[in-house]
Amino acid sequence: MLKETILCAILHGTGFAKLKSNVSLFRRGENKNMSNNHLLLISEEQSSDSKIYNWFSKQDFCQTQCCVPSEVSQHLEQRVDLILCDTGEDVSISLELLYLGKQQAPEVPFLIVSQTSDVATAVAAMKQGADEFLVKPLQPESLVKLIKGYLQARQSRVAVEEQHGSSTARLGRYVGFETMVGATQVMQQLFERAQRVADTDSTVLITGESGTGKELLAEAIHRNSLRAEHPFVTINMAAVPEHLVESELFGHVKGSFTDASESRVGRFEAAHGGTLFIDEIGDFKLESQARLLRVLENHRVTLIGSNRDREVDVRVIAATSHPLQQMVQTGDFREDLFYRLNVVNLALPPLRERRDDIPVLVNFFLTQLCQDLKRDVPQLDPELEAWLRNGHWPGNIRQLRNCLESMLVLSREEVLTLADLPEMMNGGQLAAGQIAIPAGTRLEDLERTAIEQTLKRYRGNRTQSARSLGVSVRTLQRKLKAWGVMSDSRGNGQSEETAKLGLQGSGTISTSR
Ligand SMILES: Nc1ncnc2c1ncn2[C@@H]1O[C@H](COP(=O)(O)OP(=O)(O)OP(=O)(O)O)[C@@H](O)[C@H]1O
């Protein structure tokens with residue numbers, strides 16, 4: 001009996017609670033016209049051979065499209081309201097498609113139809129975000145009822161969101177995350193995916209170097225979600241002493257350990273109804289990982305020193321600047337927890353990989369900071385602009401913002417120049433013989449930067465620059481050519497391309513002697 005109950009719960013995805021709420025939503029809007037819903041059926045068979053498709057195409061509560069696995073990605077670019085995946089005996093194909101579905105359309109319910117009732121497989125599917133794991137043979141009536149429940153819940157959510165002017169991504173319109181700047185294609189795509197995932201309760205893993213905006217993105221997801229009215233609670237695992245991690249997260253009762261002079265509510269409970277952002281999840285020790293996994297699976301927390309647990313309704317967004325997958329391989333991070341967290345992955349690129357955003361970010365921060373400092377927005381000297389755009393920025397957006405803030409605080413001039421750069425950035429004007437290398441500079445960037453600075457110093461004269469760099473003119477020409485800089489036929493003097501190159505800023509490296 002117990003086994004049956006467990007299996008039943010597993011087969012119904014996130015459990016009975018969710019199923020019940022769907023059913024009640026269905027009742028509320030029963031009379032609504034549902035025929036505009038789009039169901040995507042993934043099948044190994046062509047549509048004409050698929051019995052399940054033939055059956056669905058005769059139903060009038062939705063419009064059904066059928067496709068083979070290789071066409072799924074293409075279909076997800078169109079409107080889809082529910083995915084039913086039946087890939088025959090090989091469930092691993094369904095799991096791969098589930099991953100794809102959750103990456104491309106996280107808010108769309110994904111139902112797996114399987115021929116096996118193997119519990120381990122069902123658990124694996126649920127961990128990866130499947131909404132249902134249904135075992136054949138299926139009862140048409142129950143299946144229709146289940147699907148209608150999902151579709152109705154989805155319709156109701158869209159209606160609520162439209163009423164509140166919230167997300168409309170699924171209708172083909174994209175509303176940006178106002179607090180975040182990013183005009184490049186990579187950021188626009190990321191915002192779009194984040195907007196879509198905001199509509200769901202899926203766990204999200206945000207990856208990216210320090211200062212790329214992981215916390216800001218997590219908060220934007222929360223603000224765009226139906227949980228927005230509830231708390232957004234953060235915890236940075238790197239900042240909490242190891243022995244206090246569990247008590248911070250799960251809370252403790254008075255006297256449960258030496259320093260526990262009072263009972264304390266943990267961050268999970270504090271985030272009830274809202275979102276918990278766990279930063280630097282890679283710093284979590286293995287024992288605590290097991291406990292976190294249990295909370296994510298059961299939605300219940302047990303305070304340290306107590307044997308009573310409490311239900312929590314919390315959406316978790318985790319972030320890491322460490323390569324978690326590698327940590328899984330080395331045994332430093334639990335594989336099951338990794339998959340539980342990585343239902344949707346949002347990867348923030350480093351600033352140096354989206355340089356076109358730098359001018360937009362600079363304007364954004366200058367305006368914001370000048371408002372705070374109650375001063376007029378200064379102009380930027382073109383050389384400084386170029387320097388900012390071409391900097392390496394190992395500290396990413398945080399470093400860019402701090403750099404601008406420091407200049408604005410220290411200079412009241414109407415035009416900011418390279419000379420106003422904070423001392424630690426050096427403005428490309430290091431004392432004679434100095435070279436400063438910011439943490440995170442790649443070797444290939446180092447070489448290019450050194451060459452750029454030297455050419456700039458010798459006003460584009462390649463003979464003098466090559467001599468200064470201790471290489472032949474031919475070697476220098478070869479490198480410039482490889483970087484797409486046209487060769488200067490005069491061998492010296494200042495070609496247009498060299499002049500351009502010479503003007504480029506270059507982090508904090510200088511070859512001055
Ligand atoms: N796209 C963006 N638009 C505007 N400001 C941004 C953007 N991304 C980040 N910032 C700003 O940059 C700073 C760093 O952002 P945030 O703390 O979110 O980064 P992080 O990746 O979480 O850093 P860490 O890993 O060190 O905690 C903040 O001041 C944030 O407001």
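Here are some short exercises with worked solutions on the predicted model above.

Before you start, note that residues are numbered from 1 along each chain as its sequence is written. Because this is a predicted model, local features need pLDDT of at least 70 and side-chain atom pairs count only at pLDDT 80 or more, while totals for chains, interfaces and linings use all residues.

**Exercise 1. Explore the shell around the ligand.**

Task: Find how many residues surround the ligand, and which elements and domains they come from.

Step 1. Count the neighbours: 16 residues surround the ligand, and the closest are Val-181, Ser-210, Gly-213, Lys-214 and Glu-215. A residue is near a molecule or strand if its C-beta atom, placed from the backbone, lies within 6 Å of it.

Step 2. Look for the elements: α9 (214-223) and α17 (396-410) give two or more residues to this shell. Helices (H or I, at least four residues) and strands (E, at least two) are DSSP runs, numbered from the N terminus.

Step 3. Now the domains: domain 2 (174-349) and domain 3 (365-422) each supply at least three residues of the shell. These domain bounds come from an automatic or database domain assignment.

Step 4. Sort by class: the shell has 4 nonpolar, 7 polar and 5 charged residues. Ala, Val, Leu, Ile, Met, Phe, Trp, Tyr, Cys and Pro count as nonpolar, Asp, Glu, Lys and Arg as charged, and the others, Gly among them, as polar.

**Exercise 2. Follow α9 to its partner α8.**

Task: Describe how helix α8 (residues 185-198) and α9 pack.

Step 1. Take the geometry: the angle is about 45° and the axes are 8 Å apart. Axes are lines fitted to C-alpha atoms, for helices over the stretch in contact, and angles run from 0 to 180 degrees between N-to-C directions.

Step 2. Name the arrangement: α8 and α9 are therefore oblique to each other. Angles under 35 degrees count as roughly parallel, over 145 as roughly antiparallel, 65 to 115 as roughly perpendicular and the rest as oblique.

Step 3. List the contact: Ala-194, Val-197 and Ala-198 of α8 meet Leu-217, Ala-220 and Ile-221 of α9. By class, these residues are 6 nonpolar, no polar and no charged. Two residues are in contact if their C-beta atoms, placed from the backbone, lie within 7 Å.

**Exercise 3. Do likewise for α17.**

Task: Work out how helix α15 (residues 358-373) and α17 are arranged.

Step 1. The two axes come within 10 Å and cross at roughly 45°, so α15 and α17 are oblique to each other.

Step 2. Among the residues that meet are Phe-365 and Cys-370 in α15, and Arg-401 and Glu-405 in α17. The contact has 11 nonpolar, no polar and 2 charged residues.

**Exercise 4. Spot two backbone features.**

Task: Locate Pro-137 and Glu-280, and describe the backbone there.

Step 1. Pro-137 is in the loop between β5 (132-135) and α7 (140-163). The peptide bond from Lys-136 to Pro-137 is cis, with omega near 0°.

Step 2. Glu-280 is in the loop between β10 (275-279) and α12 (286-298). Although not a glycine, Glu-280 has a positive phi of about 50°.

Step 3. For background, most residues other than glycine have a negative phi, and most peptide bonds are trans.
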